[in-house]
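Here are a few exercises to work through with the model open in front of you. Try each task before reading its solution.

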Amino acid sequence: MATYQISNLILLLVHGLVSVALLGAVTHQCVAVLWRTDRKAEAGFVRRYTSVAPTGFATAICVLYVSNLLLGALLYPEYRLESRYSLEEMRLLPVVGAFELKEHWGAVGLGLLPLYWSTWRGADNADWTRVMSTLTLGVIVWFAFLVGHVVNNFRGV
Amino acid sequence: MASLRFSPQWFTLVFCLAYGAILALELPVPGYYPLTGRWSFGDFSIVDGTVMHWYGLTFEALILGVLAGVLLPRRLAPRVLGLVALGATWALMAVAAFLLRSYFWG
């Protein structure tokens, strides 16, 4: 196994681990903004899950998102040179298209981050921009995670 | 020292508009050639294999977004501007999906 293959494998593993952390954080926050419950509630897993303080997640989500985007950007040339050609030869164009869409939506998420972060610095829990920017980021992160997983299953770097 | 004034609403709005315009109109962006590791801007004579425009596209949109966030008025109805920026985000997601439709229904 060549050195660049080992470094790509390590990068891919780190990329996957960071994306799992990001997915967990953003899902927690999405659930918390959709189902706000009494913070003193004690009964049941669902109530405990939704009663988390979502404000504390915002900065961590921004850091994880940018880190993961940079890791993905480092791996992108390898995908273009190795994996994409194989996928095209196998006529798996919807998989190629989904990956292209993931890249564009990933950039959209980067553009959304400052707005998202600024809404969590305010005190208005019912801020519609806060709710919708959080959910939009959740959709982007989930889509990117699933597409990345599918592409890696078909033809990993 | 005066703190840097920055409007996240303007940043997101201009980032999305710039990204969408460059993507839809295929405006020139820096291209990266992964086979040789070269960069170029609008030089179509280069034949170094596949070219990647995503880095240049994102970088150009980021630059324009940062300029807008710093230069445009910060106190101009931030709540309304935030909603407009959010709408631009959704529109850009839809535009990107539309432009890639041939992969799914080719």
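## Exercise 1: a salt-bridge network

The side chains of A:Arg84 and A:Glu100 form a salt bridge at 2.8 Å, N to O (a salt bridge being a side-chain nitrogen of Lys or Arg within 4 Å of a carboxyl oxygen of Asp or Glu). Before going on, note that this is a predicted model, where local features need pLDDT of at least 70 and side-chain atom pairs count only at pLDDT 80 or more, while totals for chains, interfaces and linings use all residues. Residues are numbered from 1 along each chain as its sequence is written, chains are lettered from A and ligands numbered from 1 in the order in which they are written, and side-chain values use heavy atoms, with hydrogens and water left out.

**Task.** Work out which elements the A:Arg84 and A:Glu100 pair links, then find the network of salt bridges that A:Arg84 belongs to.

**Solution.**
1. Place the two ends: A:Arg84 sits in helix α3 of chain A and A:Glu100 in helix α4 of chain A, 16 residues apart, so the pair links distant parts of the chain. Helices here are DSSP runs (H or I, at least four residues; strands are E, at least two), numbered from the N terminus.
2. Look for another partner: A:Arg84 also meets A:Glu88 in a salt bridge, 3.0 Å from N to O. Those two both lie in helix α3 of chain A, 4 residues apart, about one turn of the helix.
3. Put the pairs together: A:Arg84, A:Glu88 and A:Glu100 are linked in a network. Over all chains, the structure holds 2 salt bridges.
4. Check the surroundings: A:Arg84 is buried at 13% relative accessible area, and A:Glu100 is buried too, at 10%. A:Glu88, at 25%, counts as partly exposed. (Buried means under 20% relative accessible area, exposed over 50%, partly exposed in between, with a 1.4 Å probe and protein chains only.)

## Exercise 2: the interface

**Task.** Describe how chain A and chain B meet: how many residues are in contact, and how much area do they bury?

**Solution.**
1. Count residues: 34 from chain A are in contact with 33 from chain B, contact meaning heavy atoms within 4.5 Å.
2. Take the area: the two chains bury about 2900 Å² between them, 76% of it on carbon and sulfur atoms. That is accessible area (1.4 Å probe) lost on being put together, summed over both parts.
3. Find the big losers in chain A: A:His104, A:Val108 and A:Leu115 lose the most area to chain B, together 18% of what that side buries.
4. Try the salt-bridge rule across the interface: it finds 0.
5. Now see which elements of chain A take part: α3, α4 and α5 each give two or more residues to the side that touches chain B. The largest share, 18 residues, comes from α4(A).

## Exercise 3: the core

**Task.** Which residues have the most contacts inside the largest nonpolar core?

**Solution.**
1. Start with the set: the core has 66 residues, where a nonpolar core is a set of buried Ala, Val, Leu, Ile, Met, Phe, Trp, Tyr and Cys residues joined through side-chain atoms within 4.5 Å.
2. Pick out the best connected: A:Ile61, A:Tyr65, A:Tyr116, A:Leu137, B:Tyr19 and B:Trp54.
3. Ask where the core's largest share comes from: α4(A) supplies 14 residues.
4. Zoom in on A:Tyr116: leaving out residues up to four places away in sequence, A:Tyr116 touches residues including A:Gln29, A:Phe57, A:Ile61 and A:Leu137.
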